[in-house]
Amino acid sequence: MEVSFMKRLITDKLVEWKNSSFRKPLLLKGARQVGKTYALLEFGKEYYDNVVYLHFEGNTETLNKIFAPDLNPKRIIEEISAYAKQTIFPHKTLIIFDEIQACEQALTSLKYFAEEANEYHIVAAGSLLGLAINRGNFSFPVGKVDFLDLYPLTFKEFLKTANEKLYNYVEELSEISALPQFITVRLSELYQQYLVIGGMPAVINSFLENKGMEKVKKEQQAILNAYILDFSKHAENKDIPRIIHIWNSIPSQLAKENRKFVYKMVKP
């Protein structure tokens, strides 16, 4: 099966943000592995002259030095430009702060970009930002950022990636009427495949590249393992066993007719 460009529907919202006269720095939220970085990089490539990408997790010490002296946007832009070895053009360069929760000063700086240097287009992405904010680790720039949420691929996005011709056919339908049988059969097949593999981009890529279901299962398990590691990194030791019990209980509780999550079913 030929894999097409995985265009996310959120791109349309990103374009609206880019063109808005009321634009503020944008914060893109979403769980790990839902494709935030990919969506932003592809958006930057398509709609900007160049992209400057900063990844704070794993490179925190070096990037922190850019924001540590003060939060003057002009100085920060100059240092980012030198670090990235790229010229940053107002309105023409997309600046991406990835995993921004690893640098409190970078998040706080968004306030000053909104107030003093809004000609620079900045998008920040964070996987565990809500957890960090709730713990009081951040001085959040309230009212100075725009928000978008990214989720796993919907079936509509999956269909566009897996079979763009069929997607276009469905999108162009203008009246309610019975579809040809070969269309409904193919749509049903793709929907069943989507239910099995889910909406995570890495898993979908493995499936569409004909790497087999064994590879798909490995990708799914790798994502689950990464989530469990996050429990260990960001929760207190006494809470980790409880969180894992809850996590392991989710599939069986979702399979019930009544899908309300019942804590006493996790463990007495």
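Begin at the largest pocket of this predicted model, whose volume is about 370 Å³. To bring its centre into view, select Ile197, Gly198, Gly199, Met200 and Leu224, the residues that lie nearest that centre among the 13 that line the pocket.

Next, display the helices around this pocket. Select residues 181-197 for α9 and residues 213-234 for α11; each of these helices supplies at least two residues of the lining. Which helix gives the most to the lining of the largest pocket? The answer is α11, with four residues.

Now colour the lining by residue class. Ten of the lining residues are nonpolar and three are polar, while charged residues are absent from the lining of the largest pocket.

From the pocket, turn to the sheet. Five strands make up an open sheet with parallel pairing, and their order across the sheet is β2-β3-β4-β1-β5. For its edges, select residues 50-55, which form β2, and residues 146-149, which form β5; each of these edge strands pairs on one side only. Viewed along the sheet, neighbouring strands are turned against each other by 20° on average, with direction ignored.

Finally, select β1, residues 26-29, together with β5. These two strands run parallel and are joined by four bridges. One position to label here is Lys29, whose bridge partner in β5 is Asp149. With both residues shown, the tour ends at β5, an edge strand of the sheet.

Definitions and conventions: Residues numbered from 1 in each chain as written. Predicted model: local features only at pLDDT ≥ 70, side-chain atom pairs only at ≥ 80, totals over all residues. Heavy atoms only, no water. Pairing = 2+ DSSP bridges. Axes fitted to C-alpha atoms, helices over the stretch in contact; angles between N-to-C directions. 1 Å grid on protein atoms, 1.4 Å probe; cavity = no way out; pocket = protein on both sides within 12 Å on 5 of 7 lines; lining within 4 Å. Points joined across faces, edges and corners; volume = space filled by probe spheres on them. Nonpolar A, V, L, I, M, F, W, Y, C, P; charged D, E, K, R; others polar.
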